[in-house]
Amino acid sequence: MYRKIFQLSSVFILATLFAVGCATVNYVGESFAPTATVDLYFSKESVEKEYTVIGHAIGSSSFRSNDTIQKELIKEAKRKGADAVLITGIGKAHAPVGDTSIDESQINASFLKYK
């Protein structure tokens, strides 16, 4: 009996750690046909083409690097039909986990569509 409880607890803990460790993207905005390539910018001044902002996203993760979060933002931009991602901010937030909290890396971005 105790062995079965231990096994179920172990599976639950591993699943929780996996879910918390993944990079996630929350997106609000319009969607278009998926795109194959997405340009990446870190300042508005670098964008030489005319564009419109189609949405905003926050990429976050507790145990992954900013590089991984950036890659997830690009994947989401492709799915939403964006032509470019403009990184607008990088920071940290506190994510509640049970009775405690953990630091979570966040990257804010705008998704752009060229005119």
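This report describes how the strands, a helix and the buried residues of one chain are arranged in a predicted model.

**The sheet**

Five strands make up an open sheet, and read across it their order is β1-β3-β5-β4-β2, with mixed pairing. At the edges stand β1 and β2, each of which pairs on one side only. Averaged over the sheet, and with direction ignored, neighbouring strands are turned by 35° against each other. As background, strands of a sheet pair through backbone hydrogen bonds, either parallel or antiparallel.

Two of the pairings can be followed in detail. Strands β3 and β5 run antiparallel and are joined by 10 bridges, and within this pairing V53 stands opposite L112 in β5. Strands β4 and β5 are also antiparallel, and here 13 bridges connect them. The table lists residues that stand opposite a residue of β5.

| Residue | Residue opposite it in β5 |
|---|---|
| V53 | L112 |
| G89 | N108 |
| A93 | E104 |

Strands β4 and β5 form a hairpin with two residues between the strands, and in this hairpin G98 takes a positive phi near 65°. Another positive phi, near 85°, belongs to G81, which follows α2.

**The helix across the sheet**

The helix α2 lies across β1, β2, β3, β4 and β5, and runs at about 40° to β5. With 15 residues at 1.5 Å a residue, α2 should span 21 Å, and its end C-alpha atoms are indeed 21 Å apart, so the expected and the computed values agree.

Which residues of α2 are buried? They are I69, L73, I74, E76 and A77. Seen down the axis of α2, these buried residues fall within an arc of 165°, which means that they line one face of the helix. A general point helps in reading this pattern: an α-helix has 3.6 residues a turn, so residues three or four places apart point the same way. The cover over the buried residues of α2 includes β1, β2, β3, β4 and β5.

**The nonpolar cores**

In soluble globular proteins, nonpolar side chains tend to be buried together. The largest nonpolar core of this model has 15 residues, and those that touch the most other members are L73, A77, V85, I87, A109 and F111. Two or more residues come from each of β3, α2, β4 and β5, and α2 gives the most, with four residues. Apart from this core lies another one, of six residues, including Y41, L86, L112 and Y114.

The helix residue A77 shows what such packing involves: when residues up to four places away in sequence are not counted, A77 touches T35, V38, A82, V85 and F111.

**A buried serine in β3**

Is S60, a residue of strand β3, buried or exposed? Its relative accessibility is 7%, and because buried means under 20%, S60 counts as buried. Leaving aside neighbours within four places in sequence, S60 is in contact with C22, A23, T24, I69, E104, S105 and Q106. One of these contacts, I69, is itself among the buried residues of α2, and another, E104, stands opposite A93 in the pairing with β5.

Key: Residues are numbered from 1 along each chain as its sequence is written. This is a predicted model: local features need pLDDT of at least 70, side-chain atom pairs count only at pLDDT 80 or more; totals for chains, interfaces and linings use all residues. Side-chain values use heavy atoms; hydrogens and water are left out. A nonpolar core is a set of buried Ala, Val, Leu, Ile, Met, Phe, Trp, Tyr and Cys residues joined through side-chain atoms within 4.5 Å. Buried means under 20% relative accessible area, exposed over 50%, partly exposed in between (1.4 Å probe, protein chains only). Contact means heavy atoms within 4.5 Å. Two strands pair if DSSP finds at least two bridges between them. The expected span of a helix is 1.5 Å times one less than its number of residues. The arc is that of the directions from the helix axis to the C-beta atoms. Axes are lines fitted to C-alpha atoms, for helices over the stretch in contact, and angles run from 0 to 180 degrees between N-to-C directions.
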